[in-house]
Amino acid sequence: MNEVTQGPKSPIRWGIVATGSIAAAVTADIMAMPDAEVVAVGSRSEESARRFAERFSLPRAYGSWRELAEDPQVDVVYVATPHSAHHAAVRTALLAGKPVLCEKPFTLNAAEAGELVALARERGIFLMEAMWMYCNPAIRRITELVRDGAIGEIRSVNAEFGLAGPIPPEHRLRDPALGGGALLDLGVYPVSFAQLLLGEPEHVTAWAHLSGGVDENTGLLLGYESGAVAALTCSLVAGTANRASVTGSAGRIDLPGGFFFPDRFTLHREGAEPQEFTDLGPHQTYAHQAAEVMRALRAGESESPLVPLEGTLAVMRTLDAARERIGLRFPGE
């Protein structure tokens with residue numbers, strides 16, 4: 001087990017792999033936490049790492065992932081590279097004995113994900129996907145309500161995540177070599193939301209419009225032996241409302257736009273006025289997932305109950321199945 005050796009009130013020290021916009025946003029949120037420090041950044045470009053370190057006043061910048069992972073002053077590594085590099089970056093950190101928080105989607109495919117999970121479990125090292133939605137206070141409250149039977153047996157889940165674009169050809173979302181497309185970058189949220197509530201589906205149907213080697217407009221229908229269904233969409237060419245809902249035999253829960261980091265939701269039940277849930281805590285922040293990582297590390301846990309590795313593997317299997325249905329493979333697969 002990888003229990004943090006510092007005292008319970010000592011800050012946990014983070015190392016950041018990659019220097020893009022998500023890495024910057026997560027770094028800023030971690031630095032605002034009283035029990036955390038960001039002490040280093042690593043990139044395949046030493047110049048990029050140096051600029052990032054100067055921007056955030058970090059003491060150390062490395063021109064390789066290995067150097068960051070081997071820094072004895074780093075307690076945990078956050079990986080924010082493009083999807084195609086997740087496997088290599090996480091593996092580098094795990095081989096150096098470092099706990100890892102890795103951006104979604106966890107890897108390009110389920111095979112890569114399985115290799116990393118097996119390595120982490122073999123060595124007893126903490127590993128978690130950065131599915132910040134699962135750590136959001138409103139989402140956690142919804143899962144409690146559903147578990148406690150507030151809407152009865154789940155019959156359907158609907159969720160959508162689309163960007164209006166236009167997204168230029170040189171953008172990573174348009175690059176198949178980087179695992180681009182709507183499904184892995186955006187669709188992972190609707191799929192993860194559905195599987196949080198329903199688990200892994202028995203049946204996966206999907207259709208997509210492909211362009212330039214990536215999917216740009218995609219729909220999925222997940223089927224369950226219970227009779228439940230999940231209808232999900234993701235898009236690089238349509239600015240959807242980005243809402244979600246879960247309907248059960250005794251009611252419905254509606255989430256507003258930005259369902260993957262909601263600050264409120266509405267519970268509808270037969271014969272009762274709609275119940276608004278608000279004031280659930282900060283929502284548009286990556287601090288919740290960082291806090292869960294640090295809680296687990298201080299407790300000596302190698303997996304998070306909020307973002308379990310089995311759930312991550314199940315989502316990757318569903319994404320693989322959807323890509324098989326739409327005929328999408330990435331270079332090297």
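Me: Two strands pair if DSSP finds at least two bridges between them. What makes strand 7 (residues 154–162) and strand 10 (residues 229–235) a pair?

Reply: The model is a predicted one. Seven bridges join strand 7 to strand 10, and the definition asks for at least two, so the two strands count as paired. They run parallel. Within this pairing, F161 stands opposite C234 in strand 10.

Me: How do you know that strand 9 (residues 214–223) also pairs with strand 10, and in which sense?

Reply: Seven bridges link strand 9 and strand 10; at least two are required, and therefore the strands pair. The sense is antiparallel. N217 is the residue opposite S235 in strand 10. Strand 9 and strand 10 form a hairpin with five residues between the strands, and G227 there takes a positive phi near 100°.

Me: Why is M131 called buried?

Reply: The relative accessibility of M131 is 0%. Buried means under 20%, so M131 meets the criterion.

Me: What makes the place of M131 a loop, and which residues does M131 touch?

Reply: M131 lies between strand 6 (127–130) and helix 6 (132–135), in the loop that separates them. Leaving aside residues up to four places away in sequence, M131 touches K104, V188, Y189, S192, Q289 and V307. These are contacts because each has heavy atoms within 4.5 Å of M131. In addition, the C-alpha atoms of M131 and T312 are separated by 8.9 Å, although the two residues are 181 residues apart along the chain.

Me: How do you know that the radius of gyration of the protein agrees with that of a compact globule?

Reply: For 333 residues, a compact globule would have a radius of gyration near 20 Å; the protein has 20 Å, and therefore the two agree. Along the principal axes, the C-alpha atoms fill a box of roughly 60 × 45 × 35 Å. Buried residues account for 54% of the 333 residues.

Me: How many helices and strands does the protein have, and what percentage of its contacts join residues at least 24 apart?

Reply: The protein has 10 helices and 14 strands. Of the contacts between residues at least 6 apart in sequence, 67% join residues at least 24 apart.

Me: What supplies the exposed area, and where do the centres of the charged sets lie?

Reply: About 13,800 Å² is exposed, and carbon and sulfur atoms supply 49% of it. There are 29 positive and 41 negative side chains, and the centres of the two sets lie 3 Å apart.

Key: Residues numbered from 1 in each chain as written. Predicted model: local features only at pLDDT ≥ 70, side-chain atom pairs only at ≥ 80, totals over all residues. Heavy atoms only, no water. Helix = DSSP H or I, 4+ residues; strand = E, 2+ residues; numbered from the N terminus. Buried < 20%, exposed > 50% of the residue type's maximum accessible area, 1.4 Å probe, protein only. Rg over C-alpha atoms; globule rule 2.2 N^0.38 Å. Areas by Shrake-Rupley, 256 points an atom, 1.4 Å probe, with all protein chains shown as cover. Lys, Arg positive; Asp, Glu negative; His and termini not counted. Charge placed at Lys NZ, Arg CZ, Asp CG, Glu CD.
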